[in-house]
Amino acid sequence: MSKIEVAGATLQNFINGEWVDAYATESQPVVNPATEECLTNVPLSSDEDVDRAVQSSLSAFGEWKKTPVSKRARILFRYHQLLTDHHQFLAEMVSEENGKSYKEAYGEVLRGIECVEFATSAPTLMMGDNLSTIASDIDSEFFRYPIGVVAGIAPFNFPMMVPCWMFPIAIACGNTFLLKPSEKTPLLANKLVALLDEAGLPKGVLNVVHGTHEVVNRILDHPDIAAVSFVGSDPVAKYVYQNAASNGKRVQALAGAKNHHIVLPDCDQDRSIDHIINSAFGSAGQRCMACSAVIAVGDKADSFIAMLKKKADQIKIGNGMDEDVTVTPLISQESRNRALDYIDKGIAEGAQLIRDGRIDMETFNKGNFLGPTIFDYVTPDMSIAENELFAPILSVIRAADLKEAIDIINQSKFGNSATLYTNSASAVRTFREEAEPGMLGVNVGVPAPMAFFPFSGWKHSFYGDLHVNGKDGVEFYTRKKMITSRFY
Ligand code: NAD
């Protein structure tokens with residue numbers, strides 16, 4: 001029995017507090033990546049569907065922006081409780097439509113709940129500032145206001161966490177929101193909005209329109225959408241950033257990644273390997289914070305790599321709902337084929353394939369499985385080192401010292417995250433000062449910031465100025481009004 005209770009044969013959009021069929025008649029299947037079972041179909045909504053949602057969001061904005069911020073926060077407190085009550089159910093849903101393990105999904109749901117927790121602080125977060133006597137008898141102050149109708153466009157790999165980076169804080173700040181979930185994992189969004197409806201959110205404050213690039217293009221063009229939050233792959237993020245900005249919208253676009261983990265000879269080898277295995281192969285490598293290249297420094301590299309391979313041989317591959325599984329399926333056959341192409345390219349470019357995950361595929365007659373794959377003697381100019389593979393494929397690059405390792409990281413066009421394994425305070429400081437990614441870890445495999453800090457990728461991993469979450473999130477979803485007053 002599927003956990004997908006909100007799905008009919010074809011998903012509905014949620015507009016103005018009602019479940020409605022899309023005007024568009026085309027749809028595509030949503031497939032469980034482990035079993036290949038069709039869970040439902042997702043409508044490929046049209047311009048008309050987006051326009052209907054924007055109209056509703058615009059009408060709701062007038063009242064919602066005037067609703068006292070403490071009342072808006074109270075709805076989010078109720079929502080927080082409902083999400084907590086449904087934690088297990090939501091995790092099962094994520095695992096079923098995305099394929100990741102139940103344990104990973106449970107953690108993801110918690111990350112999403114933490115964003116709601118953060119958003120309940122809106123009364124404090126939205127406070128302005130003031131200064132008396134900026135001139136004789138004159139005071140200045142500023143107030144924060146919402147910006148209007150905001151749209152959020154999400155990727156497949158975090159169906160709970162990524163939308164929760166966006167809509168809770170946006171609506172807490174008084175905006176109304178149109179969410180376009182990933183067409184590959186659209187089910188959870190309907191459950192999220194159903195629970196928010198149950199928490200008492202007024203009609204039209206959060207609308208959901210399902211679909212693909214057509215919906216995105218209409219969002220980018222729509223004159224009544226004031227801002228766009230996007231999370232997805234690099235070429236699409238850049239496209240969204242350029243088009244939304246050229247249409248006068250405020251935009252934040254989080255993009256792809258290529259995350260390196262430097263292993264220094266003085267590190268705790270056993271624990272470092274456990275972190276790397278989890279980071280590289282958990283969620284089948286489909287995390288924007290996944291470790292996709294290890295930079296092994298110095299003379300202990302050989303023993304380190306031998307141990308890494310040994311541990312990779314022991315990890316369990318399978319359906320995310322089975323116990324103790326680490327490597328789960330890729331989202332689609334297309335993703336697996338792309339990963340297989342990269343394995344061929346790595347071999348052709350001269351990297352040494354020391355663990356071949358293609359052998360593990362033979363165990364499964366269904367699902368998009370690929371076992372943990374490790375290449376040694378990768379050089380930074382190889383295509384497997386340059387590109388985001390988004391698969392359980394790990395490259396090992398050798399470096400003589402920390403400086404060379406940091407230089408390799410900084411050559412990458414991406415700048416999402418990097419980790420250093422060491423016990424040396426001085427190495428940590430050098431890493432912090434010199435490495436260019438915007439999110440660093442020290443002895444941490446997935447250094448994702450919590451909701452009260454900004455999720456702060458650099459370079460081609462982010463297009464925009466203000467990041468999601470933390471004070472940046474509040475800045476992004478509000479605008480300031482200055483008032484300067486003379487008192488006679
Ligand atoms: P994607 O770019 O394929 O899709 C993201 C969204 O854009 C989806 O809603 C999709 O419908 C839409 N879209 C796709 N192609 C489009 C096009 N040509 N025109 C307009 N819209 C389009 O990304 P994905 O495969 O769903 O997600 C994985 C990617 O997201 C990876 O690159 C990963 O690194 C990135 N990601 C980044 C972060 C971060 O914080 N930087 C977080 C999560 C995921």
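**Close-up 1. Strands E5 and E6 pair up in the antiparallel sense.** In this predicted model, four bridges hold the pairing between E5 and E6, the latter covering residues 138-146. For a spot to zoom in on, find Asn130, which sits opposite Glu141 in E6.

**Close-up 2. E5 and E6 belong to an open sheet of three strands, ordered E5-E6-E22.** The pairing here is antiparallel. E5 (129-135) and E22 (478-486) are the edge strands, and each has just a single partner strand, so one side of each goes without a neighbour in the sheet. Going from one strand to the next, the twist averages 25°.

**Close-up 3. Seven strands make another open sheet, this one with mixed pairing.** Reading across, the order is E14-E15-E16-E13-E12-E18-E19. At the edges you'll find E14 (352-355) and E19 (439-442), each pairing on one side only. Neighbouring strands of this sheet are turned against each other by 25° on average, ignoring direction.

**Close-up 4. Zooming in on that sheet, E12 and E13 run parallel.** Five bridges join E12 (residues 259-263) to E13 (residues 291-297). Look for Ile262 here: the residue opposite, in E13, is Ile295. As a quick reminder, strands of a sheet pair through backbone hydrogen bonds, and can do so parallel or antiparallel.

**Close-up 5. The ligand has 28 residues around it.** Coming nearest are Pro155, His213, Gly232, Ser233 and Cys288. Sorted by class, the shell around the ligand breaks down into 15 nonpolar, 10 polar and three charged residues.

Notes
Residues numbered from 1 in each chain as written. Predicted model: local features only at pLDDT ≥ 70, side-chain atom pairs only at ≥ 80, totals over all residues. Near = placed C-beta within 6 Å. Nonpolar A, V, L, I, M, F, W, Y, C, P; charged D, E, K, R; others polar. Pairing = 2+ DSSP bridges. Helix = DSSP H or I, 4+ residues; strand = E, 2+ residues; numbered from the N terminus. Axes fitted to C-alpha atoms, helices over the stretch in contact; angles between N-to-C directions.
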